[in-house]
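Subject: Handing over the structure

Hello,

Here is the structure I promised to pass on to you. Please have a look at it first, and then read on for what turned up in it.

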Amino acid sequence: PSMNPDMALEVMEHTNADPIVVGKTEEQLRNRFGYLRTLDQADSYMRSCYANSPWWYGKPVKFLRKSRWMVVFKGDRASRLVLVKGC
């Protein structure tokens, strides 16, 4: 049986999730997780963390479903996976 994508995202917090995401295209990530959210679709906490980050602000990002996982893109591929918390 296939794992619920929302449950999989919770489990990812306790593992090295980079290989699941880094190097993948948006299409590959959508196929794996079902959908991605844009910065405009993210909640105000996520947008604030992004806007106040000296590392991520200005870089293209997407969010995995309704999770706290932010994917930073370089070109058409994910270059970094960030669990947004405590900002």
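Let me begin with Thr 25, which has a relative accessible area of 16% and is therefore buried, the cut-off being under 20%. Please keep in mind throughout that this is a predicted model. Thr 25 sits in the loop that runs between α2 (18–21) and α3. Leaving aside residues up to four places away in sequence, Thr 25 touches Phe 73, Asp 76 and Arg 77.

Right after that loop comes a good place to look at charged side chains. How many salt bridges does the count come to? The count is three, and I will take you through each of them.

Start with Arg 30 and Glu 26, whose side chains meet in a salt bridge at 2.9 Å, N to O. Both residues belong to helix α3 (residues 26–33), where they are four residues apart, or about one turn of the helix. Arg 30 is partly exposed at a relative accessible area of 37%, and Glu 26 is partly exposed as well, at 26%.

Glu 26 also forms a salt bridge with Lys 62, and here the closest N and O atoms are 3.8 Å apart. Lys 62 belongs to strand β2 while Glu 26 belongs to helix α3, so this pair ties together parts that are 36 residues apart in sequence. Is Lys 62 buried or exposed? With a relative accessible area of 17%, Lys 62 is buried, whereas its partner Glu 26 is partly exposed.

The remaining pair is Arg 68 and Asp 43, with side chains that meet in a salt bridge at 3.2 Å, N to O. Arg 68 is in the loop between β2 and β3, and Asp 43 is in the loop between β1 (36–37) and α4 (44–51), so the pair ties together parts that are 25 residues apart in sequence. Arg 68 has a relative accessible area of 33%, which makes it partly exposed. Asp 43 counts as partly exposed too, at 32% relative accessibility. As for the bridges that share partners, they join Glu 26, Arg 30 and Lys 62 into one network.

The loop that holds Arg 68 has another residue to show you. Arg 65 lies in the loop between β2 (61–64) and β3 (69–74). Although Arg 65 is not a glycine, it has a positive phi of about 55 degrees. Arg 65 is buried, with a relative accessible area of 12%.

Now to the cysteines. How many disulfides does a search of the whole structure find? The search finds one, and it joins Cys 49 to Cys 87, with an S to S distance of 1.5 Å. Cys 49 is part of helix α4 and Cys 87 is in the segment after β4 (77–83), so the disulfide ties together parts that are 38 residues apart in sequence. The two ends differ in their surroundings: Cys 49 counts as buried at 10% relative accessibility, while Cys 87 counts as exposed at 57%.

If you would like a route through the viewer, you could begin at Thr 25 in its loop, go on to the network of Glu 26, Arg 30 and Lys 62, and finish at the disulfide between Cys 49 and Cys 87.

Happy exploring, and best wishes

Terms used. Residues numbered from 1 in each chain as written. Predicted model: local features only at pLDDT ≥ 70, side-chain atom pairs only at ≥ 80, totals over all residues. Heavy atoms only, no water. Helix = DSSP H or I, 4+ residues; strand = E, 2+ residues; numbered from the N terminus. Buried < 20%, exposed > 50% of the residue type's maximum accessible area, 1.4 Å probe, protein only. Salt bridge = Lys/Arg side-chain N within 4 Å of Asp/Glu carboxyl O. Disulfide = S-S within 2.5 Å. Contact = heavy atoms within 4.5 Å.
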